[in-house]
Amino acid sequence: MKRVSHSTWATILGVVYLGLAVNFLVLVAAAPLVVLLMTTDPAHSWPLLALAAPLAAPALTGAFAAFRENAAGETQVVRAFWRGWKATWRKAMLLGLVGTALLVVLLVDVRAVADTPASVVVIPVLAILTLVTLAAGLVGLGALAEVPTARMRDAVKAALYLGIRRWYLTALSFAVLGVQAALFTTMPAIAIGLTAAPALYVVWANGRYALRPVLELAEVQA
């Protein structure tokens, strides 16, 4: 039987280390949100969750930056994560704040019109706007991780346009995050310790592919 080469083992161990390290770093960086999700009922604690969500946004850009640098050959995951977090935390937190505020308004509106005759027309529109907001937020955080110096307006504009244009990638990211959320509600330890990084990697890869036209343009201009 042919032996597994040293380079193959190094690659496997590197991927395992990347996943475990990103899981831990995201947990630390998004601790307020994770603690609230684990210890409270979201149906009652949603105002606190809305306050904590923007604080967790830089954790996503840090994870995306770690994936990007690992793909480029960087093996120091912790350094790559915190370098990405430091470069993007202000813009990521602002994007998270705006996105969370919009989601709160939209979901409150859904609750307000749910028992009215207009709900048949209004709720589908609000649902679409909610999905568009989530898509712009996810892809926008990916854009900031790829180009930390990008202006917020440009990142959101590109994320909104390309996230909708390549809707199938966005839909896949939503599906993966939905599975991750369901796993978190039943087995939080596994969701946090094992599957968070693979789920975020899929979201990052989909967002990066969707953003490829503007990223290539940014590379040419640089």
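This text walks through the core, the pockets, the aromatic pairs and the enclosed cavity of the structure above. The model is predicted.

Start with the packing. The largest nonpolar core has 45 residues. Within this core, V22, V26, A63, F64, F67, F81 and L211 touch the most other members. Eight helices each supply at least two residues of this core. They are α1 (6-29), α2 (31-39), α3 (42-71), α4 (77-113), α5 (119-146), α6 (152-165), α7 (167-186) and α8 (188-210). The largest share, nine residues, comes from α3.

L211 deserves a stop. L211 is among the core residues that touch the most other members. Set aside the neighbours within four places in sequence, and L211 is in contact with V139, G142, A143, A158, A159 and L162. Place these partners on the helices. V139, G142 and A143 fall in the range of α5, 119-146. A158, A159 and L162 fall in the range of α6, 152-165.

Next come the open spaces. The largest pocket has a volume of about 1800 Å³. Its lining holds 44 residues. Nearest the centre of this pocket lie L33, L37, A53, L103 and L134. Helices α1, α2, α3, α4, α5, α7 and α8 each give two or more residues to the lining. α3 gives the most, with 10 residues. So what is the chemical make-up of this lining, counted as nonpolar, polar and charged? The residues of the lining divide into 34 nonpolar, nine polar and one charged. α3 thus appears twice in this account: it supplies the largest share of the largest core, and it gives the most to the lining of the largest pocket.

The second largest pocket holds about 310 Å³ of space. There are 17 residues in its lining. G14, V15, V16, L18 and N70 are the closest to its centre. Three helices, α1, α3 and α8, give two or more residues to this lining. Here α1 gives the most, with nine residues. The lining of the second largest pocket divides into 12 nonpolar, five polar and no charged residues.

Now turn to the rings. The count comes to seven aromatic pairs. Take F67 and W204. Their ring centres are 5.9 Å apart and their planes stand at 50°. Stacked pairs need planes under 30 degrees apart and edge-to-face pairs over 60, so this pair is tilted. The pair links distant parts of the chain. F67 sits in helix α3 and W204 in helix α8, 137 residues apart. Both F67 and W204 are buried. F67 is also one of the residues that touch the most other members of the largest core.

W85 and W89 form another aromatic pair. The centres of W85 and W89 lie 6.1 Å apart, with 15° between the planes, and the pair is stacked. Why are these two residues about one helical turn apart? W85 and W89 are separated by about one helical turn because they are four residues apart in helix α4. Are they buried, exposed or partly exposed? W85 has a relative accessible area of 25%, so W85 is partly exposed. W89, at 27%, is partly exposed as well. Both values fall between the limits of 20% for buried and 50% for exposed. Ring pairs also link F81, W82, W85 and W89 into a cluster. F81 ties this cluster to the interior, as one of the residues that touch the most other members of the largest core.

The last stop is enclosed space. How many cavities of 30 Å³ or more does the structure hold? The structure holds one. The largest cavity has a volume of about 60 Å³. Its lining consists of L138, V139, L169, T170, S173, V203, N206, G207 and A210. Helices α5, α7 and α8 give two or more residues to this lining. α8 gives the most, with four residues. The lining of the cavity divides into five nonpolar, four polar and no charged residues.

Two of these lining residues tie back to other parts of the account. V139 lines the cavity and is in contact with L211. N206 also lines the cavity, and its place is in helix α8. N206 has a relative accessible area of 10%, so N206 is buried. Neighbours within four places in sequence aside, N206 is in contact with L169, L172 and S173. Among these contacts, L169 and S173 also line the cavity.

Definitions and conventions
Residues are numbered from 1 along each chain as its sequence is written. This is a predicted model: local features need pLDDT of at least 70, side-chain atom pairs count only at pLDDT 80 or more; totals for chains, interfaces and linings use all residues. Side-chain values use heavy atoms; hydrogens and water are left out. A nonpolar core is a set of buried Ala, Val, Leu, Ile, Met, Phe, Trp, Tyr and Cys residues joined through side-chain atoms within 4.5 Å. Buried means under 20% relative accessible area, exposed over 50%, partly exposed in between (1.4 Å probe, protein chains only). Contact means heavy atoms within 4.5 Å. On a 1 Å grid over the protein atoms alone, a cavity is a set of points where a 1.4 Å probe fits but cannot get out, and a pocket is an open set with protein on both sides within 12 Å along at least five of seven lines; lining residues have an atom within 4 Å of a point. Grid points are joined across faces, edges and corners, and a volume is the space filled by probe spheres set on the points. Ala, Val, Leu, Ile, Met, Phe, Trp, Tyr, Cys and Pro count as nonpolar, Asp, Glu, Lys and Arg as charged, and the others, Gly among them, as polar. Rings of Phe, Tyr and Trp (its six-membered ring) pair if their centres lie within 6.5 Å; planes under 30 degrees apart count as stacked, over 60 as edge-to-face and the rest as tilted.
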